[in-house]
Amino acid sequence: MLELGDPRLRRVAEEVPPEAFGGDALRQLVNDLIDTMRDRNGAGIAAPQIGVNQRVFVVEVGENPRYPYKPRIPLTVLINPSLTVLGDERISVIEGCLSVPNLRGRVNRAARVELRAFDVDGRPFHIGAEGLSAGTMQHELDHLDGLLFVDHVTDPTTMTTWANYEAYQADEFSKQAAEINRRYPSPLTITSKP
Ligand code: NI
């Protein structure tokens, strides 16, 4: 896992070329991402975080000890994704990142987004995401453009270790997250995937 300060996290990743779809190398990369994400209890992980400079990320939220307030989302693999912000509603969330060890901080994210991407076999699909899941998608897409959540922290005094998040912020933020989940009840809508 590459960590904050590694210049490889700051590159703009390259598109996966058409000939790579359906191939063993891409499948292996995706499997590595899934294994690493699950192993570390991430809600998502992007290829640059494991040192692969390609536009690939995966997301999945089940029962997650790092993010107990996040709505569940199924395992989804996004290759060469593009993201469009829908509307101007924003949510304020406390994020963390496997590449930013032991730190969390408050950022603003668009409340509704849509993404177009390809699966590992090159089939296009469309995702609508809202609320906390929309934030997750923006966080992961940022990794493909060399951005980290710390770049979006406008108030540095919100930065906290995970232990101090639990001690001082978790109660309040869990309530805020529950309110976001009420307001945005459809975390992820995947369409036109075969
Ligand atoms: Ni991250």
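Trainee: Which residue just after α2 takes a positive phi?

Mentor: This is a predicted model, in which local features need pLDDT of at least 70, side-chain atom pairs count only at pLDDT 80 or more, and totals for chains, interfaces and linings use all residues. Residues are numbered from 1 along each chain as its sequence is written, and side-chain values use heavy atoms, with hydrogens and water left out. Helices (H or I, at least four residues) and strands (E, at least two) are DSSP runs numbered from the N terminus. The positive phi just after α2, about 75°, belongs to Gly-146.

Trainee: How many Å does helix α2 reach from its first C-alpha to its last?

Mentor: Helix α2 covers residues 132-144 and has 13 residues. The expected span of a helix is 1.5 Å times one less than its number of residues, which gives 18 Å for α2. The reach of α2 in the model is close to that expectation, at 19 Å.

Trainee: How many of the residues of α2 are buried?

Mentor: A residue counts as buried under 20% relative accessible area, as exposed over 50%, and as partly exposed in between (1.4 Å probe, protein chains only). Helix α2 is largely enclosed by the rest of the structure, because the buried residues number 13 of the 13.

Trainee: Which residues coordinate the nickel ion?

Mentor: Donors are N, O and S atoms within 2.8 Å of the metal (3.2 Å for Na, K and Ca); water is not among the atoms, so sites may look incomplete. The donors of the nickel ion follow the spacing C-x41-H-x3-H along the chain. At 2.1 to 2.3 Å, the coordinating residues are Cys-97 (SG), His-139 (NE2) and His-143 (NE2).

Trainee: How many residues apart in sequence are the parts that Cys-97 and His-143 tie together?

Mentor: Cys-97 is buried, with a relative accessible area of 4%, and His-143 is buried as well, at 1%. Cys-97 lies in strand β4 and His-143 in helix α2, so the parts they tie together are separated in sequence by 46 residues.

Trainee: Which element gives the largest share of the largest nonpolar core?

Mentor: A nonpolar core is a set of buried Ala, Val, Leu, Ile, Met, Phe, Trp, Tyr and Cys residues joined through side-chain atoms within 4.5 Å. The largest one has 39 residues, and Phe-57, Leu-78, Ile-127 and Met-137 have the most contacts inside it. Elements that each supply at least two of its residues include β2 (56-61), β5 (100-110), β7 (124-130) and α3 (162-183). The largest share, six residues, comes from α3.

Trainee: How many residues are in the other core that lies apart from it?

Mentor: This other core includes Leu-26, Val-30, Ile-34 and Leu-98 among its members. Its count of residues is 16.

Trainee: Is Thr-76 buried or exposed?

Mentor: Thr-76 lies in strand β3. Contact means heavy atoms within 4.5 Å, and beyond its neighbours within four places in sequence Thr-76 is in contact with residues including Phe-57, Phe-125, Ile-127 and Leu-188. At 3% relative accessibility, Thr-76 counts as buried.

Trainee: Which residue has its backbone oxygen 2.9 Å from a polar atom of the side chain of Thr-76?

Mentor: A polar contact is a pair of N or O atoms within 3.5 Å; within protein, one must be able to donate a hydrogen and the other to accept it, and residues adjacent in sequence count only if both atoms are side-chain atoms. The backbone oxygen at 2.9 Å from the Thr-76 side chain is that of Pro-74.

Trainee: Which residue forms a salt bridge with Arg-112?

Mentor: A salt bridge is a side-chain nitrogen of Lys or Arg within 4 Å of a carboxyl oxygen of Asp or Glu, and the count by this rule comes to 14. Arg-112 is partly exposed at 30% relative accessibility. In this pair the closest N and O atoms are 3.0 Å apart, and the partner of Arg-112 is Glu-89.

Trainee: Which residues are linked with Asp-119 in a network of salt bridges?

Mentor: Asp-119 sits in the loop between β6 and β7 and is buried, with a relative accessible area of 5%. Its side chain also reaches the backbone nitrogen of Asp-121 at 2.9 Å. Within the network, Arg-123 and Asp-121 form a salt bridge with closest N and O atoms 3.5 Å apart. The residues linked with Asp-119 are Arg-27, Asp-121 and Arg-123.
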